[in-house]
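Please open the model in your viewer and keep the sequence panel beside it, so that each selection can be followed in both. The tour moves from one stop to the next, with a note on what to select each time.

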Amino acid sequence: MELNTRKDFEALAHKLLDPLLPLYSEGCARLQIGDTGASYCRDTIQMEGFSRILWALAPLLQGGGEAPELTRIYQKGLVSGTDPESPEYWGNPGDYDQLFVEMAAIACAILEVPQTFWEPLSDKEKQNLVNWLSTINQHELPMCNWLGFRILVNLALRSVNMPYEPERMELDLQEMESWYIGDGWYSDGSPLNKPQRDYYIPWAIQYYGVLYSVFAADTDPERAARLRERALVFGREFQHWFDENGAAIPYGRSLAYRFAQCAFYSVCVWAGLEPLPLEQMKGIIVRNLQWWMEKPIVDRDGVLNIGYCYPQMFMTERYNAPGSPYWSMKSFIVLGLPEDHPFWKAEAAPLAANPGLTPMYNAHFLMQRTPDGQVNLYAPSEVEQNEHGQFAEKYGKFVYSTRFGFSASRSYVQLEQAAPDSMLAFVISGQVFVRRHSDSFEVKEDRMIATWSPFEGITVTTELIPTEQGHIRRHTIQSPFACTAYDSGFAVAKFTPEFAAKADGCTAEAGNQTQRCTVCGKSGTAQIIECWPNTSLYAPNTVIPSVRYEIAAGTTVVETEITAFAQ
């Protein structure tokens with residue numbers, strides 16, 4: 001797919017948005033994409049679908065593009081959705097309401113193109129919209145990236161000379177300031193309660209910080225400058241999450257948002273920030289979008305589906321509704337740039353030279369780029385205890401790879417359903433137990449060490465040592481009873497050209513035309529785990545090469561070497 005000029009980006013945006021045209025309600029305030037549920041009601045699900053399209057539509061119009069039918073729908077929908085007497089009224093939000101999330105896209109539409117989404121409204125329609133948006137100042141929000149939604153709403157209200165709450169906005173800004181931990185990284189909430197670092201930093205907290213630095217540049221210049229400087233620092237680190245083939249590390253929650261992965265660089269370009277040379281940022285954005293467009297992520301009508309590299313519900317969060325994947329439209333903020341902007345003329349440049357290992361001490365990661373270009377993230381399994389779901393899979397695996405992806409378990413009643421790739425899985429009384437979080441960890445220049453417990457009474461200290469084309473795992477296991485543990489490599493796609501898998505002695509290997517993973521443990525017995533379908537984020541059918549160890553009561557030390565090659 002050619003993706004270089006503004007026309008190319010516009011065409012891609014229309015390819016993703018135009019299939020939605022028949023799916024809007026009569027009053028245009030709701031978008032009925034699908035029938036699966038989420039943790040909020042059907043009306044809110046349909047409003048979410050409506051709102052998220054604005055992340056792309058508003059910049060498209062801001063930069064001079066055209067979408068007359070969508071523009072008509074959104075002008076009408078904003079009116080009927082905020083009119084309390086309309087049958088399509090979005091409702092009066094309560095504390096912690098999902099509607100507050102969706103207000104952010106509307107706020108940005110007002111900030112970016114008020115001539116389209118504010119000025120044409122009558123006085124009564126404007127007041128209805130203001131009344132509805134202002135409810136975000138009257139309710140409690142989770143103390144996480146949601147505060148950015150309230151900040152954006154207040155910025156939008158101020159921009160059109162309507163009442164807003166500067167004191168509330170200042171408190172939110174100060175709270176988010178307290179989450180800053182260095183090197184451009186924040187935690188998504190208090191570091192004491194929300195320790196994990198994931199995509200909510202680039203596509204949410206940093207994204208909103210850059211937006212604030214533009215929309216509040218004249219009224220809060222000191223903070224705006226500080227937020228821009230942090231974005232510059234962060235952008236130099238975050239580049240290491242991207243593979244030269246365009247993929248970004250599949251890690252953490254909300255991965256159904258897919259190509260929002262490159263949204264941070266898009267907003268930097270839009271805001272005139274260059275944490276990397278413009279050509280390199282364009283390369284990251286272009287290759288990431290191209291990588292995604294090669295995957296079956298839309299249905300037969302062209303509508304984004306729920307999943308990752310293919311339609312898949314097992315990896316979703318409880319807040320993933322049919323319209324949720326359109327959060328990925330945030331990457332299209334580059335369409336807010338005019339036709340003569342240097343971005344459209346720049347050549348998409350490759351990544352910087354292969355750095356090998358890159359410790360991210362403030363983020364608590366060790367990043368690796370192997371000679372064949374794949375990116376591996378060595379993870380500490382540092383997560384909040386109030387889990388969203390599947391935190392073990394999304395944060396607790398030893399290594400996450402851009403070329404192999406990871407698996408989300410169906411259950412823990414057997415290995416095949418657990419699909420414990422890149423994990424040390426203990427089988428006790430017919431149940432599978434893995435690392436859910438680490439009790440302690442240390443990131444060093446050349447390795448990561450973590451202590452964790454899969455089961456009461458068992459303590460494991462794992463040392464992960466990257467090698468040129470893989471890594472070594474050294475586990476020191478203390479157990480009061482004998483049990484069995486499986487140390488597994490990456491999941492490899494089967495039913496593919498040249499697929500083969502074998503377990504011979506202490507070595508298990510699986511490969512196909514584009515992937516190969518070998519697992520060797522001299523004191524163990526090789527095994528191939530035949531995973532249940534649709535557990536991997538990358539392929540519907542996979543196997544996992546593994547080594548089985550018999551763990552004796554007392555202290556046992558095992559060492560496993562994983563090598564992995566992939567195109």
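The stops below take in one helix and then two pockets of this predicted model.

**Helix H11**

Begin by selecting residues 221-238, which make up helix H11, and place a distance between its end C-alpha atoms, which lie 25 Å apart. At 1.5 Å a residue the 18 residues of this helix should span 26 Å, so the two values agree.

Keep H11 selected and show its side chains: Arg223, Ala224, Leu227, Arg230, Ala231, Leu232, Phe234, Gly235, Glu237 and Phe238 are buried. Which elements cover these buried residues of H11? Add helix H9 (166-177), helix H10 (201-215) and helix H12 (263-271) to the view, together with strands S1 (180-182), S2 (185-186) and S3 (357-360), all of which are included in that cover.

**The largest pocket**

Next select Pro142, Trp146, Arg318, Tyr319 and His388, which among the 24 lining residues lie nearest the centre of the largest pocket. Helix H2 (42-52) and helix H5 (98-112) are the elements that give two or more residues to this lining. The pocket has a volume of about 590 Å³, and its lining divides into 11 nonpolar, five polar and eight charged residues.

**The second largest pocket**

Finally, move to the second largest pocket, with a volume of about 440 Å³, by selecting Lys295, Thr514, Gln515, Tyr538 and Ala539, the closest to its centre of the 25 residues that line it. By class, this lining holds 12 nonpolar, 10 polar and three charged residues.

Technical notes:
Residues are numbered from 1 along each chain as its sequence is written. This is a predicted model: local features need pLDDT of at least 70, side-chain atom pairs count only at pLDDT 80 or more; totals for chains, interfaces and linings use all residues. Side-chain values use heavy atoms; hydrogens and water are left out. Helices (H or I, at least four residues) and strands (E, at least two) are DSSP runs, numbered from the N terminus. The expected span of a helix is 1.5 Å times one less than its number of residues. Buried means under 20% relative accessible area, exposed over 50%, partly exposed in between (1.4 Å probe, protein chains only). Contact means heavy atoms within 4.5 Å. On a 1 Å grid over the protein atoms alone, a cavity is a set of points where a 1.4 Å probe fits but cannot get out, and a pocket is an open set with protein on both sides within 12 Å along at least five of seven lines; lining residues have an atom within 4 Å of a point. Grid points are joined across faces, edges and corners, and a volume is the space filled by probe spheres set on the points. Ala, Val, Leu, Ile, Met, Phe, Trp, Tyr, Cys and Pro count as nonpolar, Asp, Glu, Lys and Arg as charged, and the others, Gly among them, as polar.
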